[in-house]
Amino acid sequence: MKTRLFLLTLLFVFSAHLFAQSDSSAAPIPEPAEEPTVELYKPFALNIALDASLFVIGGAEWAYRLYTSHQDKDAWNGTLYNKSNINAFDRWAAHKYSSALDNAGTVGTALAVAIPLFSVYASGDWLTEGVMFAETMLVASGTYSVIKSFVKRNRPYMYFDGGSTSDMEDGDYENSFPSGHTTNAFAAAVFAGYTFSVYNPDSNLKIPVWIAGLSVASATGVLRVLSGNHFPSDVLAGAALGSLTGFLVPYLHLKQNIFSKNVEISALPAGALVKVRF
């Protein structure tokens, strides 16, 4: 009995030893492969000379805006202007002042300016796109402010009773051309559509982003006319200025763009000097 028990125990130990050897000789279980790191697509690049120039230009324009805002403005003498003096293109669209539509236009501008935040978030390239957007809005708003100070066009509501009392008192009634709200709205809309399309060339959201931005910007322009703040030509000029700025600023930052390497923009007392090397 003891002999049998000894033989069984020996057989068990020998079998366990063989099993351990066979298990140790088996191929090791491979570790799960690491997922490949997806490199962030960065088609735009900041450029010290370009960015410094844009900030200097925009800053100078805003400095001029602040300077002129503290100058004595021509107070309205209380006499309504003659509507027949308005050019034929704009005369039909002149409206009385509407505070509600004025506020609605301001909301429209705010919505348009918020749309690029979606593009910035989607790109992941927050610093570069954020700086470009800041430059876009700085230059756009500064440029229309300088133009307003030289043109001094009366707003449409000055041809009707019940105009904006506050604007009449501080001289803003002469700042009709171009439309600042429309300039900012189109600058933001075009910036968002263009940068989103470049960052996401295969995205199905490219067209919706363009449509959303331009729709809000266009609605803002219409509201500025209906509120009595601007003539159609003011809005069209603002749309052109804003669109140009919203496209040009990011375009200059494209890595594959010849301008990103060979452009020099220098601020001048009366504007800017652009040098391009070919």
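In this predicted model, Met-137 touches Val-113, Asn-184, Ala-187 and Ala-188, leaving aside residues up to four places away in sequence. Met-137 also belongs to the largest nonpolar core, a set of 12 residues. Its companions there include Phe-44, Met-132, Phe-133, Ala-140, Phe-191, Tyr-194 and Leu-254. At least two residues of this core come from helix 6, and at least two from helix 8 (180-199). Helix 8 provides the largest share, with 6 residues. Another core, of 6 residues, lies apart from this one, and Ala-112, Ala-185, Ala-189 and Ala-239 are among its members. As a general background to such groupings, nonpolar side chains in soluble globular proteins tend to be buried together.

Helix 6 itself is worth following along the chain. It runs over residues 126-151, 26 residues in total, and spans 37 Å between its first and last C-alpha, close to the 38 Å expected at 1.5 Å a residue. Just after helix 6 comes Lys-152, with a positive phi near 55°.

A polar residue of helix 6 also deserves a look: Ser-141 is located in this helix. Ser-141 counts as buried because its relative accessible area, 7%, falls under the 20% cut-off. The side chain of Ser-141 has two polar partners to inspect in the structure. One is the side chain of Trp-62, with a polar contact at 2.8 Å; the other is the backbone oxygen of Leu-138, reached at 3.3 Å. With residues up to four places away in sequence set aside, Ser-141 touches Trp-62, Arg-65 and Asn-184. Asn-184 is thus a neighbour of Ser-141 and is also touched by Met-137.

Methods
Residues numbered from 1 in each chain as written. Predicted model: local features only at pLDDT ≥ 70, side-chain atom pairs only at ≥ 80, totals over all residues. Heavy atoms only, no water. Helix = DSSP H or I, 4+ residues; strand = E, 2+ residues; numbered from the N terminus. Expected span 1.5 Å × (residues − 1). Core = buried A, V, L, I, M, F, W, Y, C linked by side-chain atoms within 4.5 Å. Buried < 20%, exposed > 50% of the residue type's maximum accessible area, 1.4 Å probe, protein only. Contact = heavy atoms within 4.5 Å. Polar contact = N/O pair within 3.5 Å; in protein donor to acceptor, adjacent residues only side chain to side chain.
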